[in-house]
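Please look through the sequence and the structure shown here before turning to the notes below. They are meant for a reader who has not met this structure before.

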Amino acid sequence: MTNVPSKVSIIVPVYNVENYLTKCLDSLVHQSLQDIEILVVNDGSKDQSDEIIKHFAQTHPEKIKAFSKENGGLSDARNFGIDHATGDYIGFVDSDDYVQKTMFEEMYLLAEKHKSKMVICNIQKVDEKGQVTQKLTQLSNMPEKIILEEHFSVFSDVSYFACNKLFKKELFVHKRFKRGVHFEDIQLVPQLLLECDTIAQTQSFHYQYFERSDSITKTHTEKGLDMLKAVKDVELAFKKSQYSRKKEELKNFQIFEGIYSFLAYLAFVKNEELFYKMSEQLAVFMRERQIKIQDILKYNRFGKNYLLSLPLKKKIFYLLFFAGQKKLIRRLI
């Protein structure tokens, strides 16, 4: 294995994903961009994931760099990968997902073409048969090169997944994913965006997000409050950033990530006592930021009223919540 720097370092945290890992790594070793390194970080898996990693490391030693560490969670595994990455750019792929063959070549070329520290692609959700269940378009009405000073609405419009983005490595010089929390992407990726003057995007649906059936039905917990804490961390970074004067965009970010996204999580909280506790925390969040109900109802994303674009059941849930009808909500869910 050589120590020559690569163009792109792809970090893959692994924890008990023996049924999905082969497809993920297979999509990475066959990338059309040849000058890559794939850092596979086994985060204390107890299944056969490590055997799969060893097989790929043996058959693709020029690309796979295998690491094994004690379990520390997703953020810890990603940070471990960042510490060992040699590439000019860094990408993250979850080990139960997979990507299109040209993903990292196209995104690398866009980054170089536009001198952008961040590049974004579209996502599509897939089922176990590989059938597309949902297309998640990121920035449909924006140019390929986005100058943030001119189009700062993207700060509140973009979805803050780490996995569908390519980052200039220098963005991580003083920043890492927060350990021991959920919603670490919401906490960090907006802060990285604030360090950029321009970003680039492709409308290609490169990232294939595998939505497991067990992930849809699982009970949501108090960890959802980490979402509000993540927004607070972003607020602190925003005040120190070059965009600190853009108050409206910050408010829209607070509404989307701190209210709408939080409510989407809250809808799956089954424990009634916890549901009310988390609801009260959201009310505190809104009061502290002087966000009123009419601000939320009028919130626009991509130039359209966000509430009106929601599916009917979710729309009813939100309207009942804003009207203070939490008992009716419990019947709804």
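What follows is a briefing on strands, helices, salt bridges and cysteines, grouped by topic.

The model is a predicted one. In it, strand S4 (residues 89-92) is covered on both faces, and helix H6 (residues 184-193) has 10 of its 10 residues buried. The count of salt bridges comes to 20, while the count of disulfides comes to zero.

**Strand S4 and its partners**

- On one side of strand S4 the residues Tyr89 and Gly91 are buried, and on the other side Ile90 and Phe92 are buried as well, which leaves both faces of the strand covered.
- In a regular strand the side chains alternate between the two faces of the sheet.
- Strand S1 (residues 8-14) pairs with S4 in the parallel sense, and the pairing runs over four bridges; within this pairing, Val8 stands opposite Tyr89 of S4.
- Strand S10 (residues 165-168) also pairs with S4, here in the antiparallel sense and over three bridges, and Phe167 in S10 is the bridge partner of Ile90.

**An open sheet of four strands**

- Four strands, in the order S5-S12-S7-S8, form an open sheet in which the pairing is mixed.
- The edges of this sheet are strand S5 (98-99) and strand S8, each of which pairs on one side only.
- At the S5 edge, the partner is strand S12 (residues 207-210), and the two strands pair in the antiparallel sense over two bridges; Val99 stands opposite Tyr207 in S12.

**Helix H6 and its packing against H8**

- Helix H6 is largely enclosed by the rest of the structure, because 10 of its 10 residues are buried.
- Among the buried residues of H6 are the charged-type names Glu184 and Asp185, together with Ile186, Leu188, Val189 and Pro190.- H6 and helix H8 pack with their axes 8 Å apart and at an angle of about 20°, and with angles under 35 degrees counting as roughly parallel, the two helices are therefore roughly parallel to each other.
- The crossing in which H6 passes H8 is right-handed.

**Salt bridges across the chain**

- Which parts of the chain does the salt bridge between Lys69 and Asp43 tie together? The side chains of these two residues meet at 2.6 Å, N to O, and because Lys69 lies in strand S3 (residues 64-69) and Asp43 in strand S2 (residues 36-43), the pair ties together parts that are 26 residues apart in sequence.
- Both members of this pair, Lys69 and Asp43, are buried.
- A salt bridge also joins the side chains of Lys113 and Glu144, at 3.0 Å from N to O; Lys113 lies in helix H4 (residues 103-114) and Glu144 in the loop between strand S8 (132-136) and strand S9 (145-147), so the pair ties together parts that are 31 residues apart in sequence.
- In that pair, Lys113 is exposed, with a relative accessible area of 57%, whereas Glu144 is partly exposed, with a relative accessible area of 34%.
- The side chains of Lys246 and Glu149 meet in a salt bridge as well, at 3.4 Å from N to O, and this pair links distant parts of the chain, 97 residues apart, with Lys246 in the loop between helix H8 (226-240) and helix H9 (247-266) and Glu149 in the loop between S9 and helix H5 (154-157).
- Lys246 is buried, with a relative accessible area of 15%, while Glu149, at 36% relative accessibility, counts as partly exposed.
- Salt bridges that share partners also join Asp43, Lys69, Asp76 and Arg179 into one network.

**Cysteines without disulfides**

- A disulfide is a covalent bond between the sulfur atoms of two cysteines.
- Why does Cys24 form no such bond? The closest cysteine sulfur to that of Cys24 is in Cys163, and because it is 11 Å away, it is too far for a bond, given a cut-off of 2.5 Å between the sulfur atoms.
- For Cys163, the closest cysteine sulfur is in Cys121, at 8.1 Å, which is again too far for a bond.
- Cys24 is buried, with a relative accessible area of 0%, and Cys163, at 5% relative accessibility, counts as buried as well.

Notes
Residues are numbered from 1 along each chain as its sequence is written. This is a predicted model: local features need pLDDT of at least 70, side-chain atom pairs count only at pLDDT 80 or more; totals for chains, interfaces and linings use all residues. Side-chain values use heavy atoms; hydrogens and water are left out. Buried means under 20% relative accessible area, exposed over 50%, partly exposed in between (1.4 Å probe, protein chains only). Two strands pair if DSSP finds at least two bridges between them. A salt bridge is a side-chain nitrogen of Lys or Arg within 4 Å of a carboxyl oxygen of Asp or Glu. Axes are lines fitted to C-alpha atoms, for helices over the stretch in contact, and angles run from 0 to 180 degrees between N-to-C directions. Angles under 35 degrees count as roughly parallel, over 145 as roughly antiparallel, 65 to 115 as roughly perpendicular and the rest as oblique. A crossing is left-handed if the near helix is turned anticlockwise from the far one by less than a right angle, and right-handed if clockwise.
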